[in-house]
Amino acid sequence: MTIKAKICGIRDDDTARIAIDSGANMLGFISFPKSPRHLDIDQMAQLIANATTYTLHKGYDVKGVSVLVDPDDTLLEAIVTRARPHLIQLHGHETLERVRHIRDRFKTPLIKAISVETRADVLNAAPYESVVDHLLFDAKPPKDATLPGGVGARFDWTLMEGYPAKAPWLLAGGLTPWNVAEAVSQAKAPMVDVSSGVERAPGLKDPSLISQFLKAVKAI
Ligand SMILES: O=C(O)c1ccccc1N[C@@H]1O[C@H](COP(=O)(O)O)[C@@H](O)[C@H]1O
């Protein structure tokens with residue numbers, strides 16, 4: 001089965017192109033000031049526009065994802081109208097009702113991140129499946145973490161065993177070029193997502209690590 005991949009936390013055109021040329025299916029662009037990968041809306045808009053132009057020119061179909069954490073409607077309106085992402089990833093504590101409101105008002109395909117520590121966290125995500133287009137299962141960050149994701153935290157991938165998916169889903173959290181094959185094997189994930197695992201420093205994507213990660217995914 002072909003495993004798809006998202007490279008998250010893209011901050012420049014060169015990195016976007018390397019990820020696209022190396023086979024990424026989605027690129028994540030983050031708007032969260034505490035993140036070392038944070039972009040303002042104009043930066044995000046330019047990066048998504050340039051990546052979209054590049055991917056169409058190359059005949060690929062790579063989607064630009066805006067990653068947000070508990071966004072209010074003002075931020076969502078600005079993101080949707082100015083950055084125009086293909087999808088929005090909600091990586092905060094957004095309730096089912098909040099996600100339903102965002103879907104109905106902003107009419108942009110949604111990824112909802114689910115924070116996982118136990119099997120119950122996985123199964124309790126079920127109500128979101130009928131509201132969003134993708135679920136993203138990411139490790140619950142350590143208590144002292146300043147970010148809800150992007151910290152390289154892993155969860156026990158076997159917790160996904162037998163997960164009765166009713167929506168496409170991504171596995172995230174602490175993935176690297178060296179563990180992604182094992183992660184997919186244990187979790188039976190159809191798609192993976194990585195941020196810190198392809199960086200040489202927080203927020204500094206490493207082209208070689210991106211290429212190695214995507215090569216490892218292709219080899220699964
Ligand atoms: O990457 C970030 O800085 C970030 C900030 C706020 C919310 C989500 C963020 N990243 C997401 O977290 C997962 C896992 O990250 P990692 O691979 O463990 O570093 C990443 O795939 C993003 O979707």
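The paragraphs below go from the annotated domain of this predicted model to the ligand and the residues around it.

The UniProt record, an unreviewed entry, lists residues 5–215 under "domain: N-(5'phosphoribosyl) anthranilate isomerase (PRAI)", an annotation that may be inferred rather than shown by experiment. Within this span, helix accounts for 33% and strand for 22%, and the C-alpha atoms at its two ends, those of residues 5 and 215, are 10 Å apart.

Turning to the ligand, the space that it takes is the largest cavity of the model. Its shell is made up of 25 residues, counted as such when one of their heavy atoms lies within 4 Å of the ligand, and the closest of them are Ser35, Arg37, Gly174, Asp193 and Ser196. Two strands, β1 (4–8) and β8 (191–194), each contribute at least two residues to this shell. Sorted by character, the shell residues comprise eleven that are nonpolar, ten that are polar and four that are charged.

Which atoms of Gln89, Gly150 and Gly152 lie close enough to oxygen atoms of the ligand to be listed as polar contacts? For Gln89 it is a polar side-chain atom, placed 2.9 Å from a ligand oxygen, whereas Gly150 offers a backbone N or O atom at 3.0 Å from an oxygen atom of the ligand, and Gly152 likewise presents a polar backbone atom, here at a distance of 3.1 Å from a ligand oxygen. On its own the ligand has 500 Å² of accessible area, and the protein covers 100% of it.

How values were computed: Residues numbered from 1 in each chain as written. Predicted model: local features only at pLDDT ≥ 70, side-chain atom pairs only at ≥ 80, totals over all residues. Heavy atoms only, no water. Helix = DSSP H or I, 4+ residues; strand = E, 2+ residues; numbered from the N terminus. Polar contact = N/O pair within 3.5 Å; in protein donor to acceptor, adjacent residues only side chain to side chain. Areas by Shrake-Rupley, 256 points an atom, 1.4 Å probe, with all protein chains shown as cover. 1 Å grid on protein atoms, 1.4 Å probe; cavity = no way out; pocket = protein on both sides within 12 Å on 5 of 7 lines; lining within 4 Å. Sits in = over half its atoms within 2 Å of the grid points. Nonpolar A, V, L, I, M, F, W, Y, C, P; charged D, E, K, R; others polar.
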